[in-house]
Protein chains: 2
Amino acid sequence: MRELVVLGTASQVPTRTRNHNGYFLRWDGEGFLFDPGEGTQRQLLLAGIAASDITRICVTHFHGDHCFGLPGVLSRIVLDGAAHPVHCHYPESGRDLFARLRWLRSDAAARFLREEPASGARALLASEPFGTFSAVRLDHGVEAYGYRLDEPPGRRMLPDRLAALGVSGPAVGALQRAGRLEVGARTATLDEVSVERPGLAVAFVMDTRLCDGVYALAAGADLLIIESTFLEADAALAAEFGHLTAGQAAQVAAESGVRTLVLTHFSQRYQDPAEFEREARVHFGGELYVAQDLDRIPVPKHLV
Amino acid sequence: MRELVVLGTASQVPTRTRNHNGYFLRWDGEGFLFDPGEGTQRQLLLAGIAASDITRICVTHFHGDHCFGLPGVLSRIVLDGAAHPVHCHYPESGRDLFARLRWLRSDAAARFLREEPASGARALLASEPFGTFSAVRLDHGVEAYGYRLDEPPGRRMLPDRLAALGVSGPAVGALQRAGRLEVGARTATLDEVSVERPGLAVAFVMDTRLCDGVYALAAGADLLIIESTFLEADAALAAEFGHLTAGQAAQVAAESGVRTLVLTHFSQRYQDPAEFEREARVHFGGELYVAQDLDRIPVPKHLV
């Protein structure tokens with residue numbers, strides 16, 4: 001199962017309806033927790049997500065609204081008895097800050113925690129069967145990274161070709177796994193019964209002003225989760241404090257060929273989420289979500 | 001204005017209806033924040049309490065459910081620009097842990113933070129016009145303290161005596177402040193127009209097994225906020241993990257002459273708060289609250 005569960009959508013301070021940041025991306029057997037702000041432990045509960053579902057925790061930067069939920073989440077993982085490693089990604093320069101928030105006995109930490117911080121302009125953090133997972137540096141005053149998941153290309157089976165060759169049932173799986181299959185007197189190959197299916201890409205862009213990193217992360221993303229702290233009227237504030245406006249975020253999405261755009265991390269100064277939608281719609285025609293806490297957003301399907 | 005605002009009532013893990021611990025005691029111009037668990041920043045917002053209302057933060061011990069809200073609360077105090085000192089009390093042995101959770105730039109910390117940890121069996125933390133504030137050691141495995149506020153005795157004015165002497169209006173205040181007042185040919189003294197009024201006492205007892213400290217804190221308290229993590233059926237668990245049952249808490253209250261009893265810090269294993277009330281009522285006949293998040297509980301009035 002794949003889905004994005006929005007745990008919190010506030011920026012610097014929480015509001016009655018918006019908890020601090022937090023985003024959970026369920027990706028088959030993987031569970032990516034991005035930017036656990038204060039209260040994420042309880043938001044997970046409200047969303048029906050077990051702490052043991054988390055396999056990777058990704059912190060974009062160490063401002064409190066993006067990491068003060070770490071002690072609670074990590075303690076909860078230990079309490080619930082994680083049976084698998086939990087990889088933790090964060091800016092390398094924040095190693096001491098992460099250590100302060102880790103708050104685990106060293107035996108518990110050694111048992112399941114894998115700290116794999118990001119450094120440089122771009123870092124490959126994982127290359128696994130589920131895909132590659134990378135960090136790209138952003139521009140926010142303190143060192144900050146966005147994250148991107150790239151699913152490896154797969155193949156889409158063509159039912160008419162399979163039927164023509166008389167391959168059906170469990171034989172289809174065998175052909176997929178082996179790449180070839182004896183069918184009567186001849187050998188059927190995977191290539192002749194399928195076409196290449198590009199993998200999906202999901203990008204996560206938090207606090208940043210517009211920079212090359214934003215475009216690198218968003219390029220061709222099927223799903224882009226991106227901060228839009230401000231509206232156009234406060235573009236000067238956005239620039240000053242290293243944030244994006246809804247219009248900027250939508251423009252990036254449009255120029256990058258993004259299919260589904262999720263705006264989040266809203267300043268408390270705005271009351272009406274429809275304003276973010278209006279300003280984004282000027283630029284972006286695809287699927288658009290102005291995130292609310294506890295939203296569940298489907299991951300787009302493969303195009304072919 | 002005086003009131004107790006309950007911010008959270010869960011024990012180890014939060015539930016759908018119970019946030020982690022947090023209690024705010026408004027006491028005229030003072031604001032005591034006890035045990036800010038994760039999410040306290042948002043609970044304060046939901047309760048309509050400004051971070052700048054906090055003048056003292058009191059941590060009983062450094063288990064996560066009693067302190068993971070510290071980084072958020074302290075950052076918020078700075079963000080909102082506290083104009084007054086904020087005294088922080090916690091077990092001395094947790095100085096390093098407090099430092100990890102403080103998460104403030106040193107100039108901000110120096111400007112408003114006053115760390116005044118508790119040590120020994122009993123520590124006098126403050127002696128101010130509002131009263132004395134003390135910590136008493138409890139028994140919970142890790143070092144833990146309960147807290148107690150003792151209002152100084154005052155005097156209750158007697159309207160009939162004042163009337164007999166012809167003292168009224170602003171003259172009453174003048175007599176109170178100076179202790180004496182010329183009335184016609186004679187001098188009226190405060191003693192002849194008033195009686196002594198004992199001060200109120202408020203006690204805060206968190207995670208502990210039954211011990212002398214619990215009784216020292218509860219003795220004669222007008223308001224006792226006390227953990228009752230377990231019900232009688234799980235008394236063995238309470239003893240093992242250093243907690244109280246509702247029955248034990250109520251028995252202490254009854255034996256100590258407590259007027260208003262607030263039970264809180266409930267294990268998530270119990271669904272029905274009425275069970276705590278039932279078990280407490282076996283022992284305690286006074287005003288009883290089984291706390292719910294965001295309850296506002298009035299501080300008892302002076303008896304005379």
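**Exercise 1. Describe how H1(A) packs on H2(A) in this predicted model.**

Solution.
- Start with the residues. Thr40(A), Gln41(A) and Leu44(A) of H1(A) are in contact with Gly72(A), Val73(A) and Arg76(A) of H2(A).
- Sort them by class. The contact of H1(A) with H2(A) holds two nonpolar, three polar and one charged residues.
- Turn to the axes. H1 spans residues 40-47 of chain A, and H2 spans residues 70-80 of chain A. Their axes come within 8 Å and cross at roughly 60°.
- Name the arrangement. The crossing angle makes H1(A) oblique to H2(A). Angles of 65 to 115 degrees would count as roughly perpendicular, and those under 35 degrees as roughly parallel.

**Exercise 2. Work out the packing of H2(B) and H3(B), and the classes of the residues that meet.**

Solution.
- Locate the helices. In chain B, H2 covers residues 70-80 and H3 covers residues 95-102.
- Read the geometry. The axes of H2(B) and H3(B) lie 8 Å apart, at an angle of about 55°.
- Classify. H2(B) and H3(B) are therefore oblique to each other.
- List the contacts. H2(B) brings Leu70(B), Pro71(B) and Leu74(B). H3(B) brings Phe98(B), Leu101(B) and Arg102(B).
- Count by class. The contact of H2(B) with H3(B) has five nonpolar residues, no polar ones and one charged.

**Exercise 3. Find the operation that relates chain B to chain A.**

Solution.
- Superpose the copies. A turn of 180° lays chain B on chain A, with a shift of 0.0 Å along the axis. The RMSD is 0.1 Å.
- Draw the conclusion. The two copies are thus related as by a two-fold rotation axis.
- Place the axis. Which residue of chain B comes closest to the rotation axis? Gly39(B) does, with its C-alpha at 2.3 Å.
- Compare the surfaces. The same surface serves both copies, as 100% of the contact residues of chain B recur in chain A.

**Exercise 4. Characterise the interface of chain B and chain A by contacts, buried area and salt bridges.**

Solution.
- Count contacts. In chain B, 33 residues touch 33 residues of chain A.
- Take the area. The size of an interface is often given as the accessible area lost when the parts come together. Chain B and chain A bury about 2700 Å² between them.
- Split that area by atom type. Carbon and sulfur atoms carry 56% of the buried area.
- Check for salt bridges. Zero are found across the interface of chain B and chain A. The cut-off is a Lys or Arg side-chain nitrogen within 4 Å of an Asp or Glu carboxyl oxygen.

Technical notes
Residues numbered from 1 in each chain as written. Chains lettered and ligands numbered in written order. Predicted model: local features only at pLDDT ≥ 70, side-chain atom pairs only at ≥ 80, totals over all residues. Heavy atoms only, no water. Axes fitted to C-alpha atoms, helices over the stretch in contact; angles between N-to-C directions. Helix = DSSP H or I, 4+ residues; strand = E, 2+ residues; numbered from the N terminus. Parallel < 35°, antiparallel > 145°, perpendicular 65-115°, else oblique. Contact = heavy atoms within 4.5 Å. Nonpolar A, V, L, I, M, F, W, Y, C, P; charged D, E, K, R; others polar. Least-squares fit on C-alpha atoms with pLDDT ≥ 70 in both. Buried area = accessible area lost by both parts, 1.4 Å probe.
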